[in-house]
Amino acid sequence: NPDISKLYLYKKKEINHAPWKIFSFFAEIRKEQFDLAVTLETQRTHLTNDLIALFSGAPRRLRYDGNAFDGADSNIFYNMLSPYDAALAHEIDRNFGVLQRFGLALKERGLRLTISDDDEQSAKRAIETIFAKHGIKPGSPFAVILPGAYKIQNRWPLKNYMSVARRLEEKGLVPLFMLGPAEEKLADELIRNEFPLALKNPVLEAAAIFQLSKLVLTNDTGLMHIAAGVGAKTVALFGETNPSQWKPPGEIVVSVQSSDNKI
């Protein structure tokens, strides 16, 4: 995103195995001499976030009042607190609502992810390789199907996705399934049915593939937000999660949820 100048990555697993590394992480942030640290939390308080805010060295530290999340004790890490507005429906508005008290409001609610030329070329090569393996004409229009999700309860049955894939073929779209490391066990069934399959693509390459596609069909998962971020037309299937709170905003993403909230 061109509006973000720098990211500091808190590598949780690495620091859990080598706790002393947290001090170099704090030092890297502290040297920037930030004026304000804002903690975006809408579900519960997190001690890690509180410590990052405190040791950032920022003289002003802002968060929602922890009383809203049964975390009043963590208010001691902050000297600026905003009242939590439970009327805010979407998670984006809930996160950035912490700034409303100070006269700051969102201009855009949409997600934005910029793809580099290198990632786009890498995506094109990956697609060409897969298409060649299946004898598909280069440049054929395609739809990406994401049948996986880290949360098993968010997964629509694979057989249903394969049925939709056949319908897409009838409409002239190549159904390109994409699986990450957590869903590799689904690959055997897709290979047996001779579906084009992209496996364990790097995240930005996957994002570029979404951008090149005509449609992305996905469960409620992280890649849904990435597809929205690159402006891909997306149909997202929701289970128990409320799409009015979590669906990427805008008409580019259409959510589908059954009446009984079952995936």
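Here are a few short exercises on the structure above, each with a worked solution.

The model is predicted, so local features need pLDDT of at least 70, side-chain atom pairs count only at pLDDT 80 or more, and totals for chains, interfaces and linings use all residues. Residues are numbered from 1 along each chain as its sequence is written, and side-chain values use heavy atoms, with hydrogens and water left out.

**Exercise 1: the overall picture**

Work out how many helices and strands the protein has, and what share of its residues is buried.

Solution.
- Start with the secondary structure: 10 helices and nine strands, taken as DSSP runs (helices are H or I, at least four residues; strands are E, at least two) and numbered from the N terminus.
- Next, burial: 42% of the 263 residues count as buried. Buried means under 20% relative accessible area, exposed over 50%, and partly exposed in between (1.4 Å probe, protein chains only).
- Then look at contacts, meaning heavy atoms within 4.5 Å. Of those with a separation of 6 or more, 53% join residues 24 or more positions apart.
- Finally, the box: along the principal axes, the C-alpha atoms fill roughly 60 × 40 × 35 Å.

**Exercise 2: two helices that cross**

Decide how helix 5 and helix 8 are oriented to each other.

Solution.
- Locate them: helix 5 covers residues 117-133 and helix 8 covers residues 203-212.
- Get the geometry: their axes come within 8 Å and cross at roughly 75°. Axes are lines fitted to C-alpha atoms, for helices over the stretch in contact, with angles from 0 to 180 degrees between N-to-C directions.
- Classify: angles under 35 degrees are roughly parallel, over 145 roughly antiparallel, 65 to 115 roughly perpendicular, and the rest oblique. The two helices are therefore roughly perpendicular.
- Check who touches whom: the helix 5 side includes Lys124 and Ile127, and the helix 8 side includes Leu204 and Leu212.
- Zoom in on Lys124: at 31% relative accessibility, this residue is partly exposed.

**Exercise 3: one threonine**

Is Thr218 buried or exposed, and what is Thr218 in contact with?

Solution.
- Place the residue: Thr218 is in strand 7 (residues 215-219).
- Read off accessibility: at 0%, Thr218 counts as buried.
- List the partners, leaving aside neighbours within four places in sequence: Leu146, Tyr161, Met224, Thr234, Val235, Ala236 and Leu237.
- Add one distance: Ala149 is 69 residues from Thr218 in sequence, yet their C-alpha atoms are 8.8 Å apart.
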